[in-house]
Amino acid sequence: MKFGQKLQESIYPDWKFYYLDYAGFKSYIYTCAARGYTAEDESEFVSNLEEEIEKMQDFQQAKIKEVKRRIENCYTEIDLINKNRGTEEAKLSQFSVIEEEINMIIAEVNELAKYTRINFTALVKIVKKHDKNVSFMLKPIFTQKINSMPFFKESFDVLLLKLSRLYKIVRDGGKDLSKNVNPQSGNGQTFVRQTTKYWVHPDNVMELKLFILKNLPVLVYSNNQNKPVNPAITSIYFDNTELDLYKGRIEKVEGAEAIRLRWYGDDQVPDIFVERKTHREDWTGEKSVKERFSMKEKHVNSYLSGTYDFEKKIAKLREEGTKSPKDIDDMERLSRETLESVKEKKLVPVLRTFYNRTAFQLPGDASVRISLDTELSMIREDNFDGIERAGLNWRRTDIHGDYPFPQLPERDICRFPYAVLEVKLQTERGENPPRWVTSLINSHLVESVPKFSKFIHGVSTLLEDRVDILPFWFSQMDKDIRKKPNKFSNFSLSSSARNSFVDLTSFSDLSSNKNSKSFDYKKFALAANSSSRRNSPSSNASYGSLEINDQSTEGNDQIDPNRFSRKWYNLYGLLDFNRPKYGSNYSEEGFIPRQFPQLPIHDQDISIPGSSSYGSTCRDASDSGYKKIIQVPARVEPKVFFANERTFLAWLNFSMLLGSLSLGLLNFGDQNGRYAGVAFTLVSIMAMFYALSLFHWRADRIGMQNVGPYDDRLGPTLLVIALFCAISLNFYFKFSDYKM
């Protein structure tokens, strides 16, 4: 479907006159280009386009002010209801009216977010179409203009907080119960949760947030309910040159560790959390646990080097009495064990993850906690390739949370195209999650990706030449995760909710090179500006600042493999390297959805293009390159090994029974009986050796998590034939005696 048609389907009828006149501008470009595009035509085009941008911005800002006034009016009405002396039934009826108003406001905010995204996309496409068909260039001018306008930077976070608090007050009968509750209460130093993870397309982020806040309030960590704190979360993950921690995590080895340093907000925060995550297999009866303790940022380097006097801090905490003795003992144990792991395994900072998190949770109740991470980026911290990134410091100092980190080279960063949703439940054994949570995870807004790990994804993309096992979700990266709403589901914000199935493209997608080459994916080459396309900052929930990077590809057939291998893989031809975004085909008219077959679960050996050094020439798909394994999440329970052992014992029991029969014939039979005994003895020995070899063969395949097949038709067939021959020989000798 062409973008013009997509735009028409996405228009909210009540606002139809405030959308960008995409069809009009498109017609103007083609008409003027056909007769010869002049400077006067360009002046008129620019003037009209600026008027359209001002129109859209004025409309958006007016609607935001209107929504804020409606929210304030709801607060006023709540105060009036609380002051009036009426029956509880009358108050409940009035609160239900306010709740309906909040639902209408939520639906309007959702439509406003869609309005912003679709108009941004329309503007990007019309400028690109202009630069392609006429001799004038608008991209540099309008990129600067857009970066200075609030229309393209609006994230609606303030509105989200206001609506969340308002909804919670109405649900609590007009009382604000969250003022005196510590939002972190219920979260111990060591805690266990059942966590499931999902991907969310940027088009669905706002709708998802608005749905969740109707059931869970936004978790606010400051007393100012209307001004959000810095939502950034940054983590530094540790590993060694052999990537032992990566291997343990991706192979789900029992007891595998992940060690990281984490802080919240900008880089100037004084406290750093040292965290250790330990993986536990289900058959152990234990749950994976995350443990952590905090320390001052100025002490991190000395702690990692082993020169920091941690005992002094422990003694000070015991004197203060602010923590329980058990928490202090756990902190002392965790700090000692973490430092031992760093020294013994020679761990160093390897990867940084950055994202902005919106958390939803009832204050003081951690039974249901939902977090949504947007603007996810993975950044290299190691010096494995000889490039000093952090020097002697525990983290690099050339970045400070300034997403999308335009100063970093492409080899150092991977910008993830989706938001990551985590649903964390602390329910009693046998208790089902709330129905609204079930509705959420079964909705069209999320794509389930079990066991997704930011650390694993970052290492496998940025350090691809050092890993041999890739995560299973690599086969999902090229799949379009947007889905149409399920008509049998009640999951919607309003009856007018429509499927906003549009493509969001940043200004870095505007190609000024009309003669840029398009390489076939089998030759493993990309247009040079595809890197800026797939790392577009506008592919996230908020737009931020945009960076333009013009690089001509004409005559440049030698493309650095690391620039595309971090995102584009040849999984038996499932990926098209000429496509600018995951899960899409891109034409001049917009987004064309395309579905790809899923990899069979037993296809583990998959050829992945790769290079051991930065800047080498791309190899053809037919070249004999090394192979990498895509790790399929197939958990092997101990009972599978026990079943293999029981099968072996059953065969051995049959062999011993047959062997006892043969020994009886050999010891107590006549001459012909001894011949039959020899035959049965040979069959018994064959059965034992067959059972033993089959046991080891199956054990090896189970250990490698191979899903099969495990059956062997040749061995049993040969044993049956041998046994039949032995029995026939026994009958032959017996009847020979009768004849004699």
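Student: In which sense do strands S4 and S5 pair, and over how many bridges?

Tutor: In this predicted model, strand S4 (residues 257-264) and strand S5 (residues 271-278) pair in the antiparallel sense, over 6 bridges. One bridge joins Arg262 to Phe273 in S5.

Student: What do S4 and S5 form, and how many residues lie between them?

Tutor: The two strands form a hairpin, with 6 residues between them. In the turn, Gly265 has a positive phi of about 95°.

Student: Which other strand pairs with S5?

Tutor: Strand S6 (residues 289-296) pairs with S5, in the antiparallel sense and over 8 bridges. Phe273 is a good residue to follow here: its bridge partner in S6 is Ser294, while in S4 Arg262 has Phe273 as its bridge partner. A general idea helps in viewing such strands: in a regular strand, side chains alternate between the two faces of the sheet.

Student: Turning to helices, why are H6 and H7 described as roughly parallel to each other?

Tutor: The general idea is that an angle under 35 degrees between helix axes counts as roughly parallel. The axes of helix H6 (residues 157-171) and helix H7 (residues 205-213) cross at roughly 20° and come within 9 Å; H6 and H7 are therefore roughly parallel to each other. The crossing of H6 past H7 is right-handed.

Student: Which residues of H6 and H7 meet?

Tutor: From H6, Asp157, Leu160, Leu163, Ser164 and Tyr167 meet Lys209, Leu210 and Leu213 of H7. The residues of this contact comprise 5 nonpolar, 1 polar and 2 charged.

Student: How are H1 and H4 oriented to each other, roughly parallel or roughly antiparallel?

Tutor: Here the relevant cut-off is that angles over 145 degrees count as roughly antiparallel. Helix H1 (residues 3-10) and helix H4 (residues 88-133) have axes that cross at roughly 160° and come within 11 Å, so H1 and H4 are roughly antiparallel to each other. H1 passes H4 in a left-handed crossing. Phe3, Leu7 and Ser10 of H1 make the contact with Ile118, Thr121, Ala122 and Lys125 of H4. By class, the residues of the contact of H1 with H4 are 4 nonpolar, 2 polar and 1 charged.

Student: Where does UniProt place the feature "transmembrane region"?

Tutor: The unreviewed UniProt entry places this feature at residues 648-668, 675-695 and 715-733. In the model, the chain over residues 675-695 is 100% helix and 0% strand, with its end C-alpha atoms 31 Å apart. Over residues 715-733 the chain is likewise 100% helix and 0% strand, and the end C-alpha atoms are 27 Å apart.

Technical notes. Residues numbered from 1 in each chain as written. Predicted model: local features only at pLDDT ≥ 70, side-chain atom pairs only at ≥ 80, totals over all residues. Heavy atoms only, no water. Axes fitted to C-alpha atoms, helices over the stretch in contact; angles between N-to-C directions. Helix = DSSP H or I, 4+ residues; strand = E, 2+ residues; numbered from the N terminus. Parallel < 35°, antiparallel > 145°, perpendicular 65-115°, else oblique. Left-handed = near helix turned anticlockwise from the far one by under 90°. Contact = heavy atoms within 4.5 Å. Nonpolar A, V, L, I, M, F, W, Y, C, P; charged D, E, K, R; others polar. UniProt positions renumbered as here; feature names shortened; annotations may be inferred. Pairing = 2+ DSSP bridges.
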